[in-house]
Amino acid sequence: GMSEFTAAETPASIAPPPAGFSFENVKRNASLASSSSGGAYTQAKAMKTGTTIVGTIFKGGVVLGADTRATGDTTVIVTACTLLKRMLFRYQGHVSAALVLGGCDINGPHVYQIYPHGSTGKLPYTTMGSGSLAAMSVFESEWKEDMTEDEAKGLVERAISAGIYNDLGSGSNCDTCVIRTDGSVQMNRGVLQENPVQPLRAAIKRSDR
Amino acid sequence: MAVPASFDQQPGADSIDHGVTEAPYERRFSPYDFNGGTTLAISGPDFAVVAGDTRMSTGYEILSRDVSKLHPLTDHCVLASAGCKTDVDQLRSVLDIRSDMYRHNHQKDMKVTSVAQMLGNTLYGRRFFPYYSFNVLAGVDADGKGAVYSYDAIGSFERTHFSASGSGQSFVVPLLDNVIVHKNRCDEKRELGADEVVEIVKDAFVTAGERDIYTGDKLEIMVITKDGIQKSTFPLKAD
């Protein structure tokens, strides 16, 4: 439900957060932590978020690397969703971005839909965009629980194809991205390339041939 | 979800109504819908080639992948129209009736030049509630030469070497200016035969289909000579 989006600290206004560090509470914290307060208050420790990042130079340039897990917060996808919806709400819909957010964290795989005004929905499957009705018609006909990766990839390709052929706002090729619970990510650019123009051009008898 | 005719909005607003309004605006019923598509006609010394795609759409949806934009009015004259399909159908019906009446009264078919004038007059007859039809008339005139006439929605017309109208017009006209009329090129201009013009038409529609979402599915081509009309088709992309 909504409870996962309410954090311990909610800003009083929706104005952008101020830049820089605020030292308002330093004196107060120091006096609370000191023995004169009776030792009832223990100051909270800064939390380290586990991550591995590396960088090296080589003959032809640099290589940077990072792992794909931020273990400080175990509910990563909810956090990503919360950050996105707060930003979009702040812009009152003027940032015209409608998103499908997907990822895996300690609680398993998740899919969220995020609308330009900041509303969200958590669903097992979702579609967005001008071709969303065409794609959803495929999902609603063929989605089932506990699909294998190949079944899911095939279903996604068929749903995108429905948008490519039946929605004028969509076309050309299909890209997919698989994010697994073991942490691996596979980007498949051009997994479907059914609309090449080259064969049509080749069928035309030009005067230079 | 889709309504047949669109609701007017303030100028500058997105023409697809997503149901979310940025500012209050007055909704008015618009009697016109745009059903998309591109038409093209090119004249030659003894032939005319006229072509149109077969996609009919409204908004972002496809209504049909196989609807013809070409309509033979006589054995030597074809009308190609893009715009609002219902207005195009009505216009064709009116022209057919008037053409039949002419044949009854004069015991002969209308010549292309006469059809051209009749179409212009018919369109102007609805000057204050126009047929939303962007027409191109193609045929072979009394001397056997190819004839192409371009029209606007209210009947202004002119005989031209070639003409293109519809949603993909902007992509096709500059290409034909270069290839047919020989603009902006320094090499020798040479005469093009009917077969070569047909290939150029196919290339033009493949090009328009790449950049115009309303053009695609299939291309219909008619070649008009003094011996009659020959029809052929060519596939276009369906995305």
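This is a short walk through a two-chain model, starting where chain A meets chain B. Keep in mind as we go that the model is predicted.

Okay, so let's begin with the contact between the chains. Chain A puts in 22 residues and chain B puts in 25. Together they bury about 1800 Å², and carbon and sulfur atoms account for 60% of that. If you look at the chain A side, the residues that lose the most area to chain B are L168(A), L200(A) and I204(A), which together make up 38% of what that side buries.

There's charge in this contact too. How many salt bridges are there between chain A and chain B? The count is three. One to find on your screen is the pair K205(A) and E199(B), whose side chains meet in a salt bridge at 4.0 Å, N to O.

While we're here, have a look at I213(B). You'll find I213(B) in the loop between α4 (194-211) and β13 (218-225) of chain B. I213(B) is partly exposed, with a relative accessible area of 31%. Leaving aside residues up to four places away in sequence, I213(B) touches R55(B) and Y60(B) in chain B, and also L168(A) across in chain A. And L168(A), remember, is one of those residues losing the most area to chain B. For a sense of distance, the C-alpha atoms of I213(B) and L175(B) are 18 Å apart, with their positions 38 residues apart along the chain.

Staying in chain B, let's move to another loop, the one between β4 (48-53) and β5 (56-58), where T54(B) sits. Is T54(B) buried or exposed? T54(B) is buried, at a relative accessible area of 1%. What's around T54(B)? Again skipping residues up to four places away in sequence, its contacts include S64(B), R65(B), D66(B) and V67(B), and also G216(B), D217(B) and K218(B).

Now over to chain A and its helix α3, residues 132-142. The buried residues there are S132(A), A134(A), A135(A), V138(A) and F139(A). They pack against α4 (149-166) of chain A. As a reminder, an α-helix has 3.6 residues a turn, so residues three or four places apart point the same way.

For the opposite situation, go to the segment before α1 (26-33) of chain A, where F21(A) is placed. F21(A) is exposed, with a relative accessible area of 78%. F21(A), F23(A) and V26(A) make a nonpolar surface patch of about 420 Å².

Next, some backbone. Most residues other than glycine have a negative phi. Two residues in chain A go the other way. Q92(A), in the loop between α2 (76-90) and β3 (99-105), has a positive phi of about 50 degrees. S172(A), in the loop between α4 and β6 (174-179), has a positive phi near 65 degrees. Q92(A) is partly exposed, with a relative accessible area of 41%, and S172(A) is partly exposed as well, at 37%.

Last stop, the cysteines. How many disulfides are there over all chains? The count is zero. Take C174(A): why no bond there? The closest cysteine sulfur belongs to C177(A), and at 12 Å that is too far for a bond. C174(A) is buried, with a relative accessible area of 1%. In chain B, C77(B) is buried too, at 0%.

That's the tour, thanks.

Key
Residues numbered from 1 in each chain as written. Chains lettered and ligands numbered in written order. Predicted model: local features only at pLDDT ≥ 70, side-chain atom pairs only at ≥ 80, totals over all residues. Heavy atoms only, no water. Patch = residues over 30% accessible without salt bridge, like charges linked within 9 Å, V, L, I, M, F, W, Y side chains within 5 Å. Areas by Shrake-Rupley, 256 points an atom, 1.4 Å probe, with all protein chains shown as cover. Helix = DSSP H or I, 4+ residues; strand = E, 2+ residues; numbered from the N terminus. Buried < 20%, exposed > 50% of the residue type's maximum accessible area, 1.4 Å probe, protein only. Contact = heavy atoms within 4.5 Å. Disulfide = S-S within 2.5 Å. Buried area = accessible area lost by both parts, 1.4 Å probe.
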